[in-house]
Structures are given as structure tokens and as C-alpha cells.
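Good morning, and thank you for the opportunity to speak. I should like to take you through one structure, beginning with a single contact and widening the view from there.

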2 protein chains.
Amino acid sequence: MTAYDQRREHVLDGCAQVFAEKGYDSASIRDIARAVEMSAGGLYHYCSNKQDLLYQVCDRAFRSLIARLEEGLSHVDDPQERLYTVFVTHLTYFLDRPDELITLTENLSSLTPPGSAKIRELQRCYYDIVSGVLASFPGITATSLRVATMTLFGSINWVHTWYRRGIDGGADELARVMTDLFLNGLAPAYKCSPSSPKHVD
Amino acid sequence: MTAYDQRREHVLDGCAQVFAEKGYDSASIRDIARAVEMSAGGLYHYCSNKQDLLYQVCDRAFRSLIARLEEGLSHVDDPQERLYTVFVTHLTYFLDRPDELITLTENLSSLTPPGSAKIRELQRCYYDIVSGVLASFPGITATSLRVATMTLFGSINWVHTWYRRGIDGGADELARVMTDLFLNGLAPAYKCSPSSPKHVD
DNA sequence: GCATCAATCAAACAAACATCCGATCACTTG
DNA sequence: CAAGTGATCGGATGTTTGTTTGATTGATGC
């Protein structure tokens, strides 16, 4: 990693922070410059324009996320454990680098061509992985697979709007609750033991 | 309803459309003026400033949504049917007036005091209703109630990012799939079938 | 037919914006 | 030391922003 690359990483960190806090549109080049302690003009040594900064942040974040998930899934075979791996990997990444994931979920729609197409490709890649995990459950149909996958993404991507550090438990606990919800639902008692609707373990 | 109020409704419709399409920050007063076929200055007869327009759109949308949900739930007693009612009401509203709901979910964070506090109160009201529905399921704990409620919101609020008209089925079908997922999960076969003694905890 | 009043407009305002540019600065290399 | 080079800066540019202002219109009441 060259010195230039290191500096660029630092710039992208600052971008993610500012984009996550104010959103792409109301984040000004001067805001970013202040966050990385550089002049506005100086930023243009690490990007071609403001839009390019958003692209670089999204690209880096998506690639990290996909790499982590592929690594995590490579050790696990059981479908239920693989589902847990999806949740815990994404949530761990979120707690680890919240600004990047917030930028990714909140500002994707601010991307313009041609960068938007490349990022959408990464998004598709991520979708296929998660969808593949869900597809291994028996009894799932084509339409319910799509809805279930999108519902899962919605659940995960919504976390940043309500999660509070120190109050809401770590990634493992959150992932456990969500996995249980997706596997067994809210009313397993109704379904499995109609004679004792109150029983739960 | 006075003529002024009617005209104001028309202005808010245009705002919702522009906000949903471009986002609050990059939607200009002139964009909105063009959408409602009025001059930029003329808009200020229906608001005190741009921020006020966002507030009015959010306020109107949230109140409609809450009213619809309260009405719908008032006819239903069974917990499982009440859960379906939550899904189908929200999704119907989304398919009915997508711009308002998109503005609500995408631009809430652009609200500033004092309007933001008032909207947050409506949000809290909506949360309490939905949380109450989920709380009626046996075996749900305090933390899992919070996570389940937020997961439900995430699922619903994410729909606008992937739904495609004419391809993805109506509100009732979507609500049915989601309700089934939340009630029974992906692996009811694993849990209930006698041939599969293993279960997750 | 005159006065009132709300609704609307075009024009103008300062502020903020992304971007560009010439001038330095801190270095390595000969 | 001299020359060269990449990084960074402050300032300037032209555009767009939200908002204000003063004038104009069209209808209503007298």
C-alpha cells in the first residue's frame, strides 16, 4: 500500500463519516475537507469529483462486506447456521464500521452512471449469496424466496435507524433473535402444540 | 375544506412526488414549483419555508397511516389476523400513495426541530400500535419484542426499494407472504416434523 | 364602479455550492 | 545545492440555492 493509497483511505473514512451523518446531497466538499483536515481543493487529488467520492466509499464497503460474508459462509454447512452467519456478519460489520454501511444503505440512490451500474453489480452479487442461503430451506417458492430475501435485507438495513450502542446488545445477540424470528416465527406454539398455546422454550 | 386547503393539498402532493424522487436535500423549491405549476415565490403562501413543506407532508402521511391502521385493527381480534392487518394496511397505503410513504421513510432524518419532535411523536404512536399487536403473541420477551417490531418496520419500509408494479403482486399477496414468514418462519418443517428431532435455541 | 383582499408572479438578494487554478510547500534525486 | 515532483493551499468562477419584495391579477362586497 503506497502512501497515496493510505491517504486515500483516510479520505474515504472521512467521506463515509460525513455522508452517513448529513447524507450525500447536503454534505459539502468543505464538510469533507474539514473532516479529513485538508483544503477543499486538495481533496481533488484523490477523486475526480464529489460523485466519485461516493462511488469509492460504496465500492470499498460493498467489497469488504461481500468478502467477509463469503469467508464466513465457507466454514458453515447447516442451512440454519448459515442463516445466522448472514445476520451476524452483516451486523458485525455494521457495529464495526457503521458510517460505511449507513452510507451504503442511505445514499445508494444518489449514485449516478456509470458508477451506479458497477455498484448495482456488487449489490446483485450480495443478493445472490443471501438468496442462495434462503433457497436451501425446503418448501420455499420462487416468489416467497424473493420476498423473504428482500425482507431479510430490510430487517438488517433498518437496524441503523433504531440501534443504540450500549442498550441494544451486540451483533451476536441481535443475530440470534433475528435468526430465531426468521426460522421459527412468532407463533410456533400455535402451529406445533395447539393444546398448550402458552408453551415456549 | 376551503379552496385554500384544497390548493395546499395539491402543493403537498407535488412535494411528496419531488421529495420521493430526488430526496429532500436535492429537491429545490423550483423543482417543486414546476411540479405543481406555480412560481417559486407563490409556494410561500402555503408554507413558511422549505422545511415546513417536508413537515407538512410527513404529518399528513403519518396521520393517514395511523388512522387507516386503527380503523383496520378495530374489526379484528385474532392476533394472527391482526398481524396480517398491519402488513396489508401499510402495504396498501404504499401502493396507493407511494410518494408519501417514500418521503416518510427516506427523508425523516432531514426534519429539524421543532417539527422533528412532533413527527417523532406520531412515529412513536405508530410504533406502540404495532408493538402492541406483536406483544399479544405468547413467549415474546421485552428485548425480542423490540427487535421483532423494528424488524417488521424494516421489512415494510424496505419494500419501496425493490417493489416493481405488475411484477411483484398486490398488497394482499405480499402481506400474506410476510405474515406467514413472521408467524411460522422458514423452517417450520424442521421444528414440527417428527423425523427431524433437532431444533435450534 | 370602487375598494378590498387573497393569490400569484417575475425579479432580485445574499449565501453556499462544486470545481478549477496558479502558487507554495516538503520532499527526493542528480 | 539545483532541479524536479507530488501534495496541498487560498482564492476566484460561475451556477444554484432558499427566500424576500413589490407589482399585478381576479374575484368579492358595497
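Please note at the outset that this is a predicted model. I begin at B:Arg7, where an N or O atom of the side chain is 2.9 Å from a phosphate oxygen of DNA strand C. A second residue of chain B, B:Tyr46, places a polar side-chain atom 2.4 Å from a phosphate oxygen of this strand, DNA strand C. Chain A takes part as well: in the side chain of A:Tyr44, an N or O atom is 2.6 Å from a phosphate oxygen of DNA strand C.

Which elements give two or more residues to the surface near DNA strand C? They are α2 (29-35) of chain A and α1 (3-22) of chain B.

Let us now consider that surface as a whole. There are 16 residues around DNA strand C, and those that come nearest are A:Tyr44, B:Arg7, B:Ser39, B:His45 and B:Tyr46. By character, the residues of this surface comprise 6 nonpolar, 6 polar and 4 charged. On the side of the DNA, 57% of the strand C atoms within 4 Å of the protein belong to sugar or phosphate, while the rest belong to bases.

Finally, I turn to the two protein chains. How can chain A be laid on chain B? A turn of 180° with a shift of 0.0 Å along the axis achieves this, with an RMSD of 0.0 Å. The two copies are therefore related as by a two-fold rotation axis. Both copies use the same surface, as 93% of the contact residues of chain A recur in chain B.

Definitions and conventions:
Residues are numbered from 1 along each chain as its sequence is written. Chains are lettered from A and ligands numbered from 1 in the order in which they are written. This is a predicted model: local features need pLDDT of at least 70, side-chain atom pairs count only at pLDDT 80 or more; totals for chains, interfaces and linings use all residues. Side-chain values use heavy atoms; hydrogens and water are left out. A residue is near a molecule or strand if one of its heavy atoms lies within 4 Å of it. A polar contact is a pair of N or O atoms within 3.5 Å; within protein, one must be able to donate a hydrogen and the other to accept it, and residues adjacent in sequence count only if both atoms are side-chain atoms. Helices (H or I, at least four residues) and strands (E, at least two) are DSSP runs, numbered from the N terminus. Ala, Val, Leu, Ile, Met, Phe, Trp, Tyr, Cys and Pro count as nonpolar, Asp, Glu, Lys and Arg as charged, and the others, Gly among them, as polar. Copies are superposed by least squares on the C-alpha atoms of residues with pLDDT of at least 70 in both. Contact means heavy atoms within 4.5 Å.
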